[in-house]
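User: Please take a close look at the strand pairing in this model. Explain how the strands are put together, and then place them among the other parts.

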Amino acid sequence: MKPFLLALLLPSILHADAPSFRRDVMPILFRAGCNAGTCHGSARGKDGFMLSLFGYDAKGDYYRITQDMVGRRTNLAAPEQSLMLLKATGKVPHTGGERFTPDTPYYKTLLAWIAAGAPDDAESVPSPVEITLSPDRMVFDGGKGTQQIQVTARYSDGSKRDVTDLALFVTNNPSTAKISKTGLVTAGGRGDTFVFARFNRFTIGSEVIVLPADKSYQWTSPPAHNDLDTVVYDRLQKLRLLPSELCDDETFLRRATIDLAGTLPSVDEYRAFMADTAKDKRTALIDRLIASEGFTDLWTNLWAEMLRVKGGGYTPTATDTKAAEAYFDWIHDQMAKNRPLNEFIAEQVTGTGSNLTNGPANLYTMLVHDVRFTPKNFAADFSQLFTGVRIQCAECHNHPFDRWTQDDYYGWVSFFTGIQRKLGVEPREFYIYNNLSAAPAKHVVDDRPMSATVLGGEAPVPKGTDPRKALAAWLTSPKNDLFTHNLANRIWAHFMGRGLVEPLDDMRISNPPSNKALLDALAARLASNGFNLRALVRDICTSRIYQLTARPNTTNASDDRQFSRSQLRRMRADVLLDAIVKATSGERSFGYFAKGIKAVQFYPRTPGDTVRPFVGDPFLETFGRSPRATVCACDTKMEPTLSQTLHFIAGDTISGQIGAGGVVPKLLAAITPPERIIENLYIRALSRQPDAAELKALLELVGSNTRDRKAYEDIFWSLLNSTEFLFNH
């Protein structure tokens with residue numbers, strides 16, 4: 001018999017001290033699923049009986065078990081007749097069915113506790129402070145096999161305990177690895193995943209790699225452009241994947257220009273790049289694009305979207321057009337200067353003053369669009385944006401899938417309970433400041449005041465000064481993994497089509513990165529280079545991994561997590577619209593903005609009277625640009641829709657731009673040969689020349705009337721409507 005099982009049985013066998021409610025009884029309720037969100041742990045309980053979710057409120061649970069329905073849930077006179085035993089063993093009707101049988105340690109421990117008088121713990125009981133999982137990594141070679149894992153808890157008094165039989169288990173990908181209720185892992189199909197164990201408030205994962213029975217696999221030792229390649233290669237070797245080949249120059253030119261400057265290369269840029277014979281021409285292109293105004297505009301737009309910059313609306317929301325313009329212009333100025341990202345964010349955290357003249361202060365008006373500043377909403381959005389932690393899950397109970405507790409949540413909210421919006425000298429102006437005498441947030445369970453404490457902090461920040469200064473210093477520290485990993489993940493995702501953690505803003509223990517070593521390396525680079533955005537972007541784009549083709553090989557066809565090949569990526573709505581305008585030499589105006597701005601420079605706004613609703617753009621809305629309704633990265637939609645197809649085919653965007661730009665008439669006026677006209681249209685739309693078969697078919701379409709404008713415009717329309725145009729390869 002396991003020592004753990006013997007320890008559970010000793011109280012009833014020896015009639016010694018009763019089991020501890022917190023140490024012995026609560027874990028059984030957790031393991032049996034009694035306090036899960038689908039059962040009695042739901043917000044309203046189940047069948048008239050409520051427990052705290054996953055046992056975050058032991059005191060309240062003890063009262064509900066022993067004092068509600070006295071003599072029924074716990075029958076001290078006849079312990080075997082206690083409802084909590086009868087229902088758990090299925091001897092009386094129970095919505096949850098049978099949870100365990102009378103011959104299990106769970107039943108015997110509960111029976112011993114009730115027989116002893118169902119006592120509460122007389123004094124403080126050692127609580128779990130950490131759990132470990134063994135083994136922490138499993139490799140199944142040949143796609144078969146099983147492995148039992150063990151969970152060990154370390155308690156506040158230094159003791160350790162095997163809690164495998166009290167933990168809950170889950171897998172991220174059952175097709176790769178299944179895990180039983182007892183912690184037995186069974187290998188499945190090829191791939192990598194994590195299995196997790198949860199005990200008390202802790203969740204921990206163990207990596208599982210399932211390799212194919214392929215003895216012919218041989219690593220080809222591709223060259224590495226920098227250390228990022230080396231880290232990725234190490235992972236690919238472990239998974240027996242081979243990277244695809246490098247993409248060709250045409251593909252690279254289009255990919256880099258879209259990713260770095262938010263637009264397409266021009267015909268002249270295409271010809272110059274293709275004619276360049278220098279070995280380092282790709283690096284030179286990257287450097288030019290990083291230094292371009294397009295790079296500044298694109299990253300200004302990305303940050304303005306994340307920070308929910310909107311201009312106008314009902315005045316009390318403090319999102320006046322002038323305020324939005326001040327914020328947007330400040331962001332643009334920071335990106336143009338290549339301001340270190342930690343300084344860029346820290347200045348916003350401590351932002352104070354007029355929303356009309358001090359851009360950074362608008363963090364406290366734009367991040368949450370509301371008539372009044374609401375500390376809880378702001379704290380949740382702030383955490384999700386700058387750390388990737390969805391701390392709001394810990395408002396009503398301890399986070400079910402991460403380490404954050406209610407203490408963490410309310411200590412975090414207290415950083416913002418003093419934020420005030422004072423009316424300025426005119427109705428649309430608000431003065432942002434922090435009232436240092438404001439009361440902290442109160443814990444929802446026992447009404448305790450919770451002093452401002454950073455996530456994972458052991459003690460509150462010192463009093464007497466604006467706590468936001470301490471928050472900014474902690475948040476933007478090079479040693480803060482929450483901050484550096486979150487930024488690195490977002491930047492990587494922009495260039496690679498997916499993050500190392502997905503969703504981007506859901507960083508938690510139970511959602512580990514697909515390549516932790518790579519995320520660590522990116523974060524370390526960002527911190528060591530002084531949070532220099534352009535430096536990290538250069539490292540990513542000069543890597544061989546970024547420059548791989550999207551064409552798979554025999555080993556990586558199913559890989560969509562390890563970056564063994566490039567992922568086909570749809571252009572963002574604003575970048576797509578700018579690409580159409582650039583390709584056609586057309587124009588596109590936006591409501592209440594000066595003529596000539598690009599889509600990446602546009603944000604929703606009103607004309608300035610602050611009464612009419614926010615005005616967006618039909619194209620951008622149709623193609624999934626974020627409406628800035630929340631800080632969630634999911635607000636930006638990349639999925640295709642029927643409306644988008646109809647807009648391209650039947651709408652006036654493409655046909656109107658072709659007509660307005662006059663590309664074909666200008667080419668005809670220059671007496672350009674038909675094949676050169678077609679080639680020009682291909683380069684404009686697809687950044688490549690037509691192959692021989694395509695050119696032959698299109699010349700036949702043009703026919704003998706080589707000066708027919710309509711034929712060429714139809715070709716141009718078809719290219720812009722093609723799937724190839726929509727994607728960055």
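Analyst: Two strands count as paired if DSSP finds at least two bridges between them. The model is a predicted one. Strand 12 and strand 13 (residues 430-434) are joined by five bridges and run antiparallel. Since the cut-off is at least two bridges, these five are enough, so strand 12 and strand 13 count as a pair. One place to see this is Arg 421, whose bridge partner in strand 13 is Ile 432.

This pair belongs to an open sheet of three strands, in the order 11-13-12, with antiparallel pairing. Strand 11 (353-354) and strand 12 (419-423) are the edge strands, and each of them pairs on one side only. In the order 11-13-12, strand 13 stands between the other two.

Strand 10 offers a second case to study. Strand 10 (residues 202-211) has 10 residues, and eight of them are buried, so the rest of the structure largely encloses this strand. Two partners can be named for it. Strand 9 (residues 191-199) pairs with strand 10 in the antiparallel sense, over nine bridges. Strand 2 (residues 137-141) pairs with strand 10 in the parallel sense, over five bridges. Individual residues show how the strands line up: Ala 197 stands opposite Ile 204 in strand 10, while Met 138 stands opposite Val 208 in strand 10. In a regular strand the side chains alternate between the two faces of the sheet.

Strand 9 and strand 10 also form a hairpin, with two residues between them. Asn 200, in the turn of this hairpin, has a positive phi of about 60°.

Next come the nonpolar cores. The largest of them has 152 residues, and those with the most contacts inside it include Leu 260, Trp 303, Phe 382 and Phe 416. Helix 17 (residues 481-496) contributes the most to this core, namely eight residues. Another core, of 44 residues, lies apart from the largest one, and Met 26, Phe 49, Phe 140 and Ala 187 are among its members. Phe 416 can be followed one step further: leaving out residues up to four places away in sequence, it touches Tyr 364, Phe 373, Pro 375, Phe 378, Ala 379, Phe 382 and Leu 471.

A loop deserves a look as well. Asp 506 lies between helix 17 and helix 18 (516-528). Its relative accessible area is 8%, so Asp 506 is buried. Apart from neighbours within four places in sequence, Asp 506 is in contact with Gly 388, Arg 390, Val 501 and Asn 511.

The last item is the cysteines. The count of disulfides comes to one. This bond joins Cys 632 to Cys 634, with an S to S distance of 2.4 Å. The torsion about the S-S bond is about 125°, so the disulfide is right-handed. Its two ends have separate classes: Cys 632 counts as buried because its relative accessibility is 16%, whereas Cys 634, at 41%, counts as partly exposed. Cys 34 is in no disulfide, and the nearest cysteine sulfur, that of Cys 39, is 6.2 Å away. Cys 34 is buried, with a relative accessible area of 15%. Cys 39 is in no disulfide either, and Cys 39 is buried with a relative accessible area of 15%.

Methods. Residues are numbered from 1 along each chain as its sequence is written. This is a predicted model: local features need pLDDT of at least 70, side-chain atom pairs count only at pLDDT 80 or more; totals for chains, interfaces and linings use all residues. Side-chain values use heavy atoms; hydrogens and water are left out. A disulfide is a pair of cysteine sulfur atoms within 2.5 Å. Buried means under 20% relative accessible area, exposed over 50%, partly exposed in between (1.4 Å probe, protein chains only). A nonpolar core is a set of buried Ala, Val, Leu, Ile, Met, Phe, Trp, Tyr and Cys residues joined through side-chain atoms within 4.5 Å. Helices (H or I, at least four residues) and strands (E, at least two) are DSSP runs, numbered from the N terminus. Contact means heavy atoms within 4.5 Å.
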